[in-house]
Each structure stands twice: as structure tokens, then as C-alpha cells.
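Got the viewer open? Set the backbone to cartoon, keep side chains ready to toggle, and follow along stop by stop.

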Amino acid sequence: MDQELRELYQQVILDHNKAPRNFRKIENPSRFAEGYNPLCGDHLDIYLRFDNGNINDISFQGSGCAISKASASLMTSMIKGKTKEEAEKIFHRFHDLVTGKLGDNPDIEDLGKLAVFAGVRDFPARVKCASLAWHTMMNALEGKQEKATTE
Ligand code: ZN
């Protein structure tokens with residue numbers, strides 16, 4: 001990855017960490033899940049308003065490192081308004097991206113700003129930070145009660 005792109009990606013992460021989108025609680029959510037990454041200490045709660053297979057609203061709260069917060073912020077922005085199936089598809093694409101399964105020069109236009117996490121694949125500990133919100137969102141979607149953990 002060239003230096004200019006790397007700096008741009010860094011800017012997006014810092015921006016979403018400083019001013020996270022959808023950082024609030026949804027009262028009476030239809031789904032709720034907690035996520036915890038013990039390696040870094042990231043804690044996230046995901047709230048969903050889920051009706052007729054559609055994610056009408058999604059938000060998060062909690063505390064964590066810049067990567068985990070920026071990922072939750074971008075994830076909620078991307079997932080809001082999607083169907084459960086669309087959200088699952090994006091989850092798998094994102095997961096393949098951060099775990100390096102898409103290769104060296106992946107075609108990730110469909111992932112939009114999520115591309116900023118392309119670089120974390122080189123840092124296994126950071127992969128957990130970046131995926132925490134996503135695993136937690138999937139648990140919420142599935143209606144799973146147990147806490148999502150990256151371990
Ligand atoms: Zn973290």
C-alpha cells in the first residue's frame with residue numbers, strides 16, 4: 001500500500017474514532033448484544049431495531065481503541081437500512097478482507113470506506129479489534145444471548 005493511501009486510511013479511522021457515527025443507545029431495541037475483546041480491552045454494545053428482516057436502526061456504545069471504535073462506527077453506517085442477508089454478506093466480505101483472504105490487490109469497491117481496514121491483516125491483534133463490532137452485530141442479528149468475544 002502506498003504512503004498516501006495509508007495516510008488517508010489513517011485519517012478516516014481517526015475521524016470515526018473522534019466522532020463515531022451512531023454512537024448512542026436505542027431504547028427498547030429488538031436486538032442487543034455485547035462484545036468483548038480481552039486482548040485489547042475493547043467493550044462494545046450493539047443495539048438493533050430489526051423489523052421484517054430489515055435493519056431499520058443500529059447503534060453502538062462502549063469503549064475501546066481507535067480501530068474498534070472506528071470499525072463499529074463504519075459498520076453501523078454501512079449496515080443501517082440493509083436486510084439481514086445483505087448484512088451477513090457484508091460481514092463475510094469484511095472478515096475476508098481483514099484476515100487477508102482476499103489477496104494482495106483485492107477488488108473491494110463494494111466495501112466502500114471499509115477499505116480503510118485493509119491494512120490490519122498484517123497485525124493479528126488488530127484484526128480482533130476491527131472485527132469485534134461485526135461479530136457482536138452478527139450475534140445480535142442471530143438473537144444470540146452469549147457475549148461475543150474475540151478469543
Ligand atoms: Zn482494540
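What follows is a walk through a predicted model, from the metal site to the salt bridges.

**Stop 1: the zinc ion**

Select the zinc ion and show the side chains around it. The protein donors are C40 (SG), C65 (SG) and C129 (SG), along with D42, which appears twice through OD atoms. These donors lie 2.2 to 2.7 Å from the zinc ion. If you would like to find them by eye in the sequence, look for the spacing C-x1-D-x22-C-x63-C. Now keep just C65 and C129 highlighted. C65 lies in the loop between β3 and α2 (66–79), while C129 is in helix α4, so the pair ties together parts that are 64 residues apart in sequence. Both C65 and C129 are buried, so switch off any surface before looking for them.

**Stop 2: helix α2**

Next, select residues 66–79, which make up α2. How far apart are the end C-alpha atoms of α2? Put a distance label on them and you should get 20 Å, which agrees with the 20 Å that 14 residues should span at 1.5 Å a residue.

Colour α2 by burial and you will see a helix that is mostly covered, with twelve of its 14 residues buried. The buried set is I67, S68, K69, A70, S71, A72, S73, L74, M75, T76, M78 and I79. What covers these residues? Bring up α1, β2 (42–51), β3, α3 and α4, which are included in the cover. Before leaving, step just past the end of α2 to G81, where phi is positive, at about 90 degrees.

**Stop 3: two polar contacts on α2**

Stay on α2 and select T76. Is T76 buried or exposed? Its relative accessibility is 0%, so T76 counts as buried. Which side chain does the T76 side chain make a polar contact with? It is that of N22, at 2.9 Å. Leaving out residues up to four places away in sequence, T76 touches R21, N22, I58, S59 and F60.

Now jump to H16, in helix α1. At 4% relative accessibility, H16 counts as buried too. Its side chain makes a polar contact with the side chain of S73, at 2.6 Å, and S73 is one of the buried residues of α2. With residues up to four places away in sequence set aside, H16 touches R21, A70, S73 and L74. R21 is thus on the contact lists of both T76 and H16; hold on to it for a later stop.

**Stop 4: the nonpolar core**

Time to look inside. In soluble globular proteins, nonpolar side chains tend to be buried together. Here, the largest nonpolar core has 43 residues. Select I79, F117, W134 and M137, the residues with the most contacts inside this core. Then colour the elements that give two or more residues to it: α1, β2, β3, α2, α3 and α4. Which of them gives the largest share? That is α4, with ten residues.

For a close-up, centre on I79. Not counting residues up to four places away in sequence, I79 touches I55, I58, A87, I90, W134 and M137.

**Stop 5: salt bridges**

Hide the core and show the charged side chains. There are eight salt bridges in the structure, and three are worth a click.

- Back to R21: it forms a salt bridge with D15, with the closest N and O atoms 2.9 Å apart. R21 is partly exposed at 29% relative accessibility, and D15 is partly exposed at 35%.
- Select R24 and D57, whose closest N and O atoms are 2.9 Å apart in another salt bridge. This pair links distant parts of the chain, with R24 in the loop between α1 (3–18) and β1 (31–37) and D57 in strand β3 (residues 54–63), 33 residues apart. R24 is partly exposed, at 31% relative accessible area, whereas D57 is buried, at 17%. Add K80 to the selection and you have a network of salt bridges that links R24, D57 and K80.
- Finish on E142 and K84, whose side chains meet in a salt bridge at 3.8 Å, N to O. E142 is in helix α4 (residues 124–142) and K84 in helix α3 (residues 84–98), so this pair also links distant parts of the chain, 58 residues apart. E142 is partly exposed, with a relative accessible area of 40%.

Definitions and conventions. Residues numbered from 1 in each chain as written. Predicted model: local features only at pLDDT ≥ 70, side-chain atom pairs only at ≥ 80, totals over all residues. Heavy atoms only, no water. Salt bridge = Lys/Arg side-chain N within 4 Å of Asp/Glu carboxyl O. Buried < 20%, exposed > 50% of the residue type's maximum accessible area, 1.4 Å probe, protein only. Helix = DSSP H or I, 4+ residues; strand = E, 2+ residues; numbered from the N terminus. Donors = N, O, S within 2.8 Å, 3.2 Å for Na, K, Ca; no water. Expected span 1.5 Å × (residues − 1). Contact = heavy atoms within 4.5 Å. Polar contact = N/O pair within 3.5 Å; in protein donor to acceptor, adjacent residues only side chain to side chain. Core = buried A, V, L, I, M, F, W, Y, C linked by side-chain atoms within 4.5 Å.
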